[in-house]
Amino acid sequence: AEIRRVLRTGGTFCFVEPHRTPFRSLVDRVTLSPLARLASSLSHRRIILEEEMEDYQNWLKHQDRLHERLLRHGFELVACKRGIFRLFGKWRAI
């Protein structure tokens with residue numbers, strides 16, 4: 001409702017969020033494994049996952065709710081792209 005309030009009719013709202021896929025689940029498990037602590041290239045991702053785990057898992061569990069809410073609050077879907085890691089959405093206020 002807040003996004004719709006501040007966006008004028010015809011305005012566009014875009015978002016990029018994590019997308020639940022088997023590949024993402026695998027990468028998350030590897031990132032959080034004890035052996036991954038030895039890989040410095042995974043340290044940034046591991047820290048983010050550990051600090052935001054509750055919000056992250058809640059989003060992945062309920063990501064379709066965002067689409068339902070946007071429809072309910074006067075938006076139309078312009079584009080949606082689901083990748084192996086991310087969900088991109090583009091919505092227009094109607």
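**View 1. Glu76 is found in strand E2, which covers residues 75–82.** This is a predicted model, where local features need a pLDDT of at least 70 and side-chain atom pairs count only at pLDDT 80 or more, while totals for chains, interfaces and linings use all residues. Residues are numbered from 1 along each chain as its sequence is written, and side-chain values use heavy atoms, with hydrogens and water left out. The strands and helices named here are DSSP runs, numbered from the N terminus (type E and at least two residues for a strand, type H or I and at least four for a helix). Glu76 counts as partly exposed because its relative accessibility is 31%. The three classes are buried (under 20% relative accessible area), exposed (over 50%) and partly exposed (in between), with a 1.4 Å probe and protein chains only. Look across to Arg65 and you find its C-alpha atom 15 Å from that of Glu76, with their positions 11 residues apart along the chain.

**View 2. Cys80 and Lys81 are two more residues to pick out in strand E2.** Cys80 has a relative accessible area of 33%, so this residue is partly exposed. Lys81 reaches 60% and is therefore exposed. From Cys80 to Tyr56, C-alpha to C-alpha, the separation is 20 Å, and the two are 24 residues apart along the chain. Lys81 and Cys14 are 67 residues apart in sequence, yet their C-alpha atoms are 11 Å apart in space.

**View 3. Glu2 and Arg5 join their side chains in a salt bridge.** A salt bridge here is a side-chain nitrogen of Lys or Arg within 4 Å of a carboxyl oxygen of Asp or Glu. By that rule, the count comes to 5 salt bridges. For Glu2 and Arg5, the N to O distance is 2.8 Å. The two residues are 3 apart in helix H1 (residues 2–6), so about one helical turn separates them. Glu2 is partly exposed, with a relative accessible area of 48%, while Arg5 is exposed at 61%.

**View 4. Arg37, Arg46 and Glu50 are linked in a network of salt bridges.** Start with Glu50 and Arg37, whose closest N and O atoms are 3.0 Å apart. Glu50 lies in helix H3 and Arg37 in the loop between H2 and H3, so this pair ties together parts that are 13 residues apart in sequence. Then follow Glu50 to Arg46, where the closest N and O atoms are 3.6 Å apart. Both of these residues are in helix H3, 4 residues apart, or about one turn of the helix. How buried or exposed are the three? Arg46 is buried at 12% relative accessibility, whereas Glu50 is partly exposed at 39% and Arg37 is partly exposed at 48%.

**View 5. The largest pocket holds about 280 Å³ of space.** Rolling a probe the size of a water molecule over the atoms shows where empty space is left. On a 1 Å grid over the protein atoms alone, points where a 1.4 Å probe fits make a pocket if the set is open and has protein on both sides within 12 Å along at least five of seven lines; lining residues have an atom within 4 Å of a point. The volume is the space filled by probe spheres set on the points, which are joined across faces, edges and corners. The lining includes Val16, Glu17, Arg45, Tyr56 and Phe85. Strand E1 (12–18) and helix H3 (43–62) each supply at least two of the lining residues, and the largest share, 5 residues, comes from H3. Sorted by type, the lining has 6 nonpolar residues, no polar ones and 5 charged ones. Nonpolar means Ala, Val, Leu, Ile, Met, Phe, Trp, Tyr, Cys or Pro, charged means Asp, Glu, Lys or Arg, and the others, Gly among them, are polar.

**View 6. Leu60 lies in helix H3.** Leu60 is buried, with a relative accessible area of 11%. Glu17 is 43 residues away from Leu60 in sequence, and their C-alpha atoms are 9.0 Å apart in space.

**View 7. Phe23, Leu26, Val30 and Ile84 form a nonpolar patch on the surface.** Together they offer about 350 Å² of accessible area, worked out by the Shrake-Rupley method with a 1.4 Å probe and, for residues, with only the protein chains shown as cover. Patch residues have over 30% relative accessible area and no salt bridge; nonpolar side chains (Val, Leu, Ile, Met, Phe, Trp, Tyr) are joined within 5 Å, and like charges within 9 Å. Val30 sits in helix H2, residues 22–32. With a relative accessible area of 43%, Val30 is partly exposed.
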